[in-house]
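Trainee: I am new to this structure and would be grateful for a close look at its nonpolar core. Please set out the terms as they arise.

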Amino acid sequence: MATAACAGNTSSGGAAPYILDDTGTTETAEGGALRIENRSNRDMDIFIRGQSRGPVRVGFVPGGETATFKLSPAMISGVSSFRVEARPISGGGSATVSEPYPVRKGEETFWSIPP
């Protein structure tokens, strides 16, 4: 829904969580970061999808939690935008896909999964 520069919580599996430094600011990486707020009660696997690429898994966000993942430069190289996809871990149901986000190396992209 919006691009923001905020720190997140830890994540389980997938990419390593983003880390705060001593000053309380987010540690940046050339690839950037993806912060996901899971407002649903279902655990979700998170993927990014470039314009002409298949999905690349970046991690897992439990229901009702927020997690932040580092995006390696390789994950976003050669694309100008990407979508985020959240797939329920169990219980069936369909994936939820974000609107396209522009690639901004070194910045954090925020997406909130609806309930």
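Mentor: Accessible areas come from the Shrake-Rupley method with a 1.4 Å probe, and for residues only the protein chains shown count as cover. On that basis the accessible surface of the protein chain is about 5800 Å², of which 50% belongs to carbon and sulfur atoms. The model is predicted: local features need pLDDT of at least 70 and side-chain atom pairs pLDDT 80 or more, while totals for chains, interfaces and linings use all residues. Residues are numbered from 1 along each chain as its sequence is written, and side-chain values use heavy atoms, without hydrogens and water.

The protein chain holds one helix and nine strands (DSSP runs, H or I of at least four residues for helices and E of at least two for strands, numbered from the N terminus). Of its 115 residues, 39% count as buried, that is, under 20% relative accessible area with a 1.4 Å probe, protein chains only.

The largest nonpolar core (buried Ala, Val, Leu, Ile, Met, Phe, Trp, Tyr and Cys residues joined through side-chain atoms within 4.5 Å) has 20 residues, and Leu34, Ile36 and Ile46 have the most contacts inside it. Among the elements that give two or more residues to this core are strand S2 (33-38), strand S5 (66-70) and helix H1 (73-76).

Leu34 touches, among others, Ile46, Val58, Phe69 and Phe82, leaving aside residues up to four places away in sequence; contact means heavy atoms within 4.5 Å. Phe69 is also the bridge partner of Leu34 in S5. S2 and S5 run antiparallel, joined by five bridges; strands pair if DSSP finds at least two bridges between them. In S5, four of the five residues are buried.

Terms used:
Buried means under 20% relative accessible area, exposed over 50%, partly exposed in between (1.4 Å probe, protein chains only).
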